[in-house]
Amino acid sequence: MPLLEVHRVSKSFEGFRALNDVSLTVEEGTLYALIGPNGAGKTTLFNLITGRYTLDAGRVLFAGQDISHTPTHRIIHHGIGVSFQRAIPFSSMTVLENVTLAVLALDRKTRDFARSLLSYGDAAKRAEEIISWVGLTDLKRQVAASLSQGDLKRVDIALALASKPRLLLLDEPLAGLSRTERAQMVGFIRELLRSLGTTLLFTEHDTEAVLKLAERIMVLHRGSVLAEGTPDEIRSHPQVQEAFLGREA
Ligand code: ADP
Ligand code: MG
């Protein structure tokens, strides 16, 4: 059974079709990239998966369960962790404080069935473990405002991992990073998710970085699926070359 199945979803905004009959299947353990030019519908698809937008048509299954109408605040309980490009931590607090707050917030939301209200100390212990996953242990006492863009991205990923998700959704995890930072981040994400066994669905418009990180790729263009396949298949796809590289098909 695939971990995530998006089945023929569509979404319009005041008559404008942002997504048109899009299907996507992500197998557990895969690093899956969603690419396409600005306005292709990548973030909209994330918003549909995570319940921020309601579907006009189609459905979304997670581990075989229909989550099409599950509100955003419940998505996390199904095992989906989300990080959005504009999610900025509290800049005057330390890395440890930021992640501890995320763990506490999560515990408060889950208490009705987990029935454990964590103390700050217990939450901080969990936060330290998550911080070690993302390699920020040495910086845990630094205030977020003093971190580099690359380290801030790691904090952002740590916040998304606070729920120990089976599926992590990252919207443009490489945005705003320098060339060197991008290369480091690609290696970091690959190693991290492999060691945690977490499945990844991410968006990116730097095709070069995507071809290095992703195991499968879907190309969206003006709200529709242009191509789907392995990095090699995508690289040699004539319509993808035409749309991205300006070549004649
Ligand atoms: P991408 O993430 O691929 O750059 P988006 O999914 O953000 O693209 O946007 C796809 C299209 O849908 C764009 O034309 C955008 O303006 C439109 N869109 C997205 N969200 C909304 C919204 N909440 N209201 C109106 N239009 C939207
Ligand atoms: Mg976007």
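Me: Strands are DSSP runs of E, at least two residues long, numbered from the N terminus. In the hairpin of β1 and β2, which residue takes a positive phi?
Reply: This is a predicted model. Most residues other than glycine have a negative phi. The hairpin has 2 residues between its strands, and a positive phi near 45° is found there at E14.

Me: How many bridges join β1 to β2?
Reply: β1 covers residues 4-13 and runs antiparallel to β2. Two of the pairs can be named: L4 has V26 as its bridge partner, and E5 stands opposite T25. The count of bridges between β1 and β2 is 7.

Me: What is the strand order of the open sheet with 4 strands?
Reply: Strands of a sheet pair through backbone hydrogen bonds, either parallel or antiparallel. In this open sheet the pairing is antiparallel. The order is β2-β1-β4-β5.

Me: Which strands stand at the edges of that sheet?
Reply: An edge strand has a single partner, so one of its sides is left without a neighbour in the sheet. This applies to residues 16-26 and to residues 65-66. The edge strands are β2 and β5.

Me: At about what angle does helix α1 run to β1?
Reply: Helix α1 spans residues 42-49. It lies across β1, β2 and β4, the last of these being residues 57-62. Its angle to β1 is about 115°.

Me: Is D21 buried, partly exposed or exposed?
Reply: D21 sits in strand β2. Its phi is positive, about 55°, although D21 is not a glycine. Buried means under 20% relative accessible area and exposed means over 50%. D21 has 37%, so it is partly exposed.

Me: And E172: is it buried or exposed?
Reply: E172 lies in the loop between β7 (167-171) and α6. It has a positive phi too, near 55°. The cut-off for buried is under 20%. At 8% relative accessibility, E172 is therefore buried.

Me: Which helix gives the most residues to the largest nonpolar core?
Reply: This core has 45 residues, and I157, I189 and I217 touch the most other members. One helix, spanning residues 179-196, gives 6 residues to the core. That helix is α6.

Me: Which residues does I189 touch, leaving out those up to four places away in sequence?
Reply: I189 is one of the three residues that touch the most other members of the largest core. With close sequence neighbours set aside, its contacts are I157, L170, P173, L200 and L213.

Me: How many residues does the second, separate core hold?
Reply: V60 and I75 belong to it. So do L169 and L220. The second core holds 26 residues.

Me: What radius of gyration does the protein chain have?
Reply: The chain has 9 helices and 10 strands. Its C-alpha atoms fill a box of roughly 60 × 40 × 35 Å along the principal axes. A compact globule of 249 residues would have a radius of gyration near 18 Å, and the chain agrees, with 18 Å.

Me: What share of the accessible surface belongs to carbon and sulfur atoms?
Reply: Buried residues make up 48% of the chain. The accessible surface comes to about 12200 Å². The carbon and sulfur share of that surface is 49%.

Note on methods
Residues are numbered from 1 along each chain as its sequence is written. Chains are lettered from A and ligands numbered from 1 in the order in which they are written. This is a predicted model: local features need pLDDT of at least 70, side-chain atom pairs count only at pLDDT 80 or more; totals for chains, interfaces and linings use all residues. Side-chain values use heavy atoms; hydrogens and water are left out. Two strands pair if DSSP finds at least two bridges between them. Contact means heavy atoms within 4.5 Å. Axes are lines fitted to C-alpha atoms, for helices over the stretch in contact, and angles run from 0 to 180 degrees between N-to-C directions. The radius of gyration is taken over C-alpha atoms; the globule rule is 2.2 Å times the number of residues to the power 0.38. Buried means under 20% relative accessible area, exposed over 50%, partly exposed in between (1.4 Å probe, protein chains only). Accessible areas come from the Shrake-Rupley method with a 1.4 Å probe; for residues, only the protein chains shown count as cover. A nonpolar core is a set of buried Ala, Val, Leu, Ile, Met, Phe, Trp, Tyr and Cys residues joined through side-chain atoms within 4.5 Å.
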